[in-house]
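Thank you all for making time this morning. I would like to walk you slowly through one chain, taking a strand to begin with and some helices afterwards, so please keep the picture in view while I talk.

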Amino acid sequence: MENLAIVTVTYNSSAVIGRLLAALQTPEAEVILVDNGSTDNTREIAAGFANMRVIACDNIGYGRAANVGFAQVKTPYVLLLNPDVEISAATIGQMLACMEQNPAIGILGANMTGNPAAGLVDVEWIVGALMLIRREALAKVGMFDENIFLFYEETDLCRRFVQAGWRLAILQSAMAGHEAGTSTPASLKVIKIKAWHSAWSKCYYYRKHFSYLTYCRKTAIKAIHAIRRLIRGAYRRRPDQVVKNFYEILGVLAYISGMGAFRKNVGRLT
């Protein structure tokens, strides 16, 4: 795998990062870990593995941190992995072979649905937890949009790849696992932050890629649905749902008011 570098972004990921790095121990592929200001021992765990490069950052957001890793890559391919992904070296090798055989593919994803099958399936979007990216395409299209702190950065990137004429595909025989939401410990604070940024980023994505009228319509629908879910959560005495949807509403209002995702005290993890 000398033609591959692996990038992963961590934030208090000590519970899962060791398992991922143990699975990635091959003598050829360098692993670049960009840590977003963890306060646990994520970096110490990573430092115990061979062929590792650990880059410590402040909490700069997922896309910006991934871009820091991408900027270090010199190989033809870069594999972006969430810390909570389960994948084998054999699967990675299978995906690399597929990319070599299909030069029109800009981003290749794995089968994370648990249904083994054969062949390639063309898609318009690949989950950001596992993306094998052709670096030539990344150089031409550009990296993650650094206006986004969290969420929708991969949706935006995939859309730009498709617009630039690159093919996106899932290799169905390449099996991987992803236990979403386990790379960062759950807490009320994290629920608030994720809800705020999910809503803000969705509005940003609408405004970037759609007409103004479509953006207004989709943003209004997003806000209305969040209000309805908040009321339903209150009626059912579900404080977690009330909090989540309240912060989604705040995220929508923040974007409409012109507030950026990186302004202090608007939902950062630190």
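Let me begin with strand β4, where both faces are covered, since Tyr77, Leu79 and Leu81 on one side are buried, and Val78 and Leu80 on the other are buried as well. Please keep in mind, for this and for everything that follows, that we are looking at a predicted model. How many of the residues of β4 are buried? The strand covers residues 77-81, and five of the five are buried, so β4 is largely enclosed by the rest of the structure. Buried here means a relative accessible area under 20%.

Let us turn to the strands that pair with β4. Strand β1, which is made of residues 4-10, runs parallel to β4 and is joined to it by five bridges, and within this pairing leucine 4 stands opposite tyrosine 77. Strand β8, residues 130-134, is also joined to β4 by five bridges, but these two strands run antiparallel, and here leucine 81 of β4 stands opposite leucine 130.

Now to the helices, and in particular to helix α7, residues 188-209. Its axis and that of helix α8, residues 212-235, come within 8 Å and cross at roughly 160°. Because angles over 145 degrees count as roughly antiparallel, α7 is described as roughly antiparallel to α8. The crossing of these two helices is right-handed. If you would like to find the contact on the screen, look in α7 for Ala199, Lys202, Cys203, Tyr206 and Arg207, which meet Tyr212, Tyr215, Lys218, Thr219 and Lys222 in α8. Sorted by class, this contact of α7 with α8 holds five nonpolar, one polar and four charged residues.

Helix α7 also packs with helix α9, residues 239-256, at an angle of about 40° and with the axes 7 Å apart, and this crossing is right-handed. The residues of α7 that take part include Leu188, Ile191, Trp196 and Trp200, while among those they meet in α9 are Val243, Tyr247, Leu250 and Tyr255. The contact of α7 with α9 divides into 14 nonpolar residues, one polar and four charged.

I will finish with glycine 260, which lies in the segment after α9. Is glycine 260 buried, exposed or partly exposed? With a relative accessible area of 31%, glycine 260 is partly exposed. Its C-alpha atom is separated by 9.2 Å from that of phenylalanine 149, although the two residues are 111 residues apart along the chain.

Methods:
Residues numbered from 1 in each chain as written. Predicted model: local features only at pLDDT ≥ 70, side-chain atom pairs only at ≥ 80, totals over all residues. Heavy atoms only, no water. Buried < 20%, exposed > 50% of the residue type's maximum accessible area, 1.4 Å probe, protein only. Helix = DSSP H or I, 4+ residues; strand = E, 2+ residues; numbered from the N terminus. Pairing = 2+ DSSP bridges. Axes fitted to C-alpha atoms, helices over the stretch in contact; angles between N-to-C directions. Parallel < 35°, antiparallel > 145°, perpendicular 65-115°, else oblique. Left-handed = near helix turned anticlockwise from the far one by under 90°. Contact = heavy atoms within 4.5 Å. Nonpolar A, V, L, I, M, F, W, Y, C, P; charged D, E, K, R; others polar.
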